[in-house]
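Work through these exercises with the structure open beside you. Try each task before you read its solution.

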Amino acid sequence: MADTSKGFRYRGRKSNADAKPTIMDLLFKDTETLTKGDLVNLESGEIDLAATGDTKLLGLVMETQSGTDSTTRAKVIVDADAIYGVYDPNARLKGATLDIAGATGEQTVAPSSNKEFVVWAESTASEETLVCFNVGKHLDNTAQ
């Protein structure tokens, strides 16, 4: 049975499923709480909670902490080819597109309009959904 808690979990990389993630220590953009398992984007060189429609998605927060803009740092997995697992009570087909949904500590996936994610592997409604960033959505594969 899948983990039904909210938030994303690192599951590997498309380039090498056993590869360790690249982790960077990055500054908060705003005064806010980021929760372990949240996805963030990069704005003006600092991280902010990701939301659907963001154009510079970056990766996964490794630990929960409350931060103050430009003084607090968080460890973030930043690989463009990372695969993440997320609870999703829907069956998904490989290649389907999905969006980010939810506030800090509650992030999951939703039906697609902005296409932030591509489903990495087919899953049933009782299995974890594996997703990766869609081309052009991660900071490292967007046009500059």
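Buried residues make up 46% of the 144 residues in this protein chain. The model is a predicted one.

**Exercise 1. The inventory**

Task: State how many helices and strands the protein chain has, and give the order of its elements.

Solution:
- Step 1. Count the helices. The protein chain has zero.
- Step 2. Count the strands. The protein chain has 13.
- Step 3. Read from the N terminus on. The order is β-β-β-β-β-β-β-β-β-β-β-β-β.

**Exercise 2. Overall dimensions**

Task: Decide whether the radius of gyration of the protein chain agrees or disagrees with that of a compact globule.

Solution:
- Step 1. Find the expected value. A compact globule of 144 residues would have a radius of gyration near 15 Å.
- Step 2. Compare. The protein chain has 14 Å, which agrees.
- Step 3. Add the spans. Along its principal axes, the C-alpha trace covers about 40 × 30 × 30 Å.
- Step 4. Look at the contacts. Among those with a separation of 6 or more, 61% are between residues 24 or more positions apart.
- Step 5. Turn to the surface. The protein chain exposes about 7,000 Å², and carbon and sulfur atoms supply 51% of that area.

**Exercise 3. The sheet of six strands**

Task: Work out the strand order of the six-stranded open sheet and name its edge strands.

Solution:
- Step 1. Trace the sheet from one side to the other. The order is β1-β9-β13-β12-β10-β11, with antiparallel pairing.
- Step 2. Find the edges. They are β1 (8-13) and β11 (108-111), and each pairs on one side only.
- Step 3. Note the twist. From one strand to the next it averages 50 degrees.
- Step 4. Recall what holds such strands. Strands of a sheet pair through backbone hydrogen bonds.
- Step 5. Check β1 against β9. Five bridges join these antiparallel strands. G12 has I83 in β9 as its bridge partner.
- Step 6. Check β9 (residues 82-86) against β13 (residues 129-133). Four bridges join this antiparallel pair. Here G85 is partnered by L130 in β13.
- Step 7. Ask how covered β1 is. Five of its six residues are buried, so β1 is largely enclosed by the rest of the structure.

**Exercise 4. The sheet of five strands**

Task: Explain why one side of β2 and of β5 is left without a neighbour in the sheet.

Solution:
- Step 1. Write the order. This open sheet runs β2-β8-β6-β4-β5, and the pairing is antiparallel.
- Step 2. Locate the two strands. β2 and β5 (46-49) stand at the edges.
- Step 3. Conclude. Each has a single partner strand, so one side of each has no neighbour in the sheet.
- Step 4. Add the twist. The average is 50 degrees from one strand to the next.
- Step 5. Inspect one pair. β2 and β8 (residues 73-77) are antiparallel and share five bridges. M24 is matched with V76 in β8.

**Exercise 5. A loop residue**

Task: Place T22, classify its exposure and list its contacts beyond four places in sequence.

Solution:
- Step 1. Place the residue. T22 is in the loop between β1 and β2 (23-27).
- Step 2. Classify the exposure. Partly exposed lies between 20% and 50%. T22 has a relative accessible area of 35%, so T22 is partly exposed.
- Step 3. List the contacts. Leaving aside neighbours within four places, T22 touches R13, V76, I77, V78 and D79.
- Step 4. Take one distance. T22 and R73 are 51 residues apart along the chain, and their C-alpha atoms are separated by 16 Å.

**Exercise 6. Salt bridges**

Task: Say which parts of the chain the R11 and E128 pair ties together, then study two other pairs.

Solution:
- Step 1. Recall the principle. Side chains of opposite charge can pair when their charged atoms come close.
- Step 2. Take the total. The count comes to seven salt bridges.
- Step 3. Examine R11 and E128. Their closest N and O atoms are 2.9 Å apart. R11 lies in β1 and E128 in the loop between β12 (117-121) and β13, so the pair ties together parts 117 residues apart in sequence.
- Step 4. Examine K29 and E43. Their salt bridge is 3.5 Å, N to O. K29 is in the loop between β2 and β3 (32-34), E43 is in β4 (residues 39-43), and they are 14 residues apart.
- Step 5. Examine D88 and R92. Their salt bridge is 2.6 Å, N to O. Both residues are buried.
- Step 6. Look for shared partners. Salt bridges join R9, R11 and E128 into one network.

Notes:
Residues numbered from 1 in each chain as written. Predicted model: local features only at pLDDT ≥ 70, side-chain atom pairs only at ≥ 80, totals over all residues. Heavy atoms only, no water. Pairing = 2+ DSSP bridges. Axes fitted to C-alpha atoms, helices over the stretch in contact; angles between N-to-C directions. Buried < 20%, exposed > 50% of the residue type's maximum accessible area, 1.4 Å probe, protein only. Contact = heavy atoms within 4.5 Å. Rg over C-alpha atoms; globule rule 2.2 N^0.38 Å. Areas by Shrake-Rupley, 256 points an atom, 1.4 Å probe, with all protein chains shown as cover. Salt bridge = Lys/Arg side-chain N within 4 Å of Asp/Glu carboxyl O.
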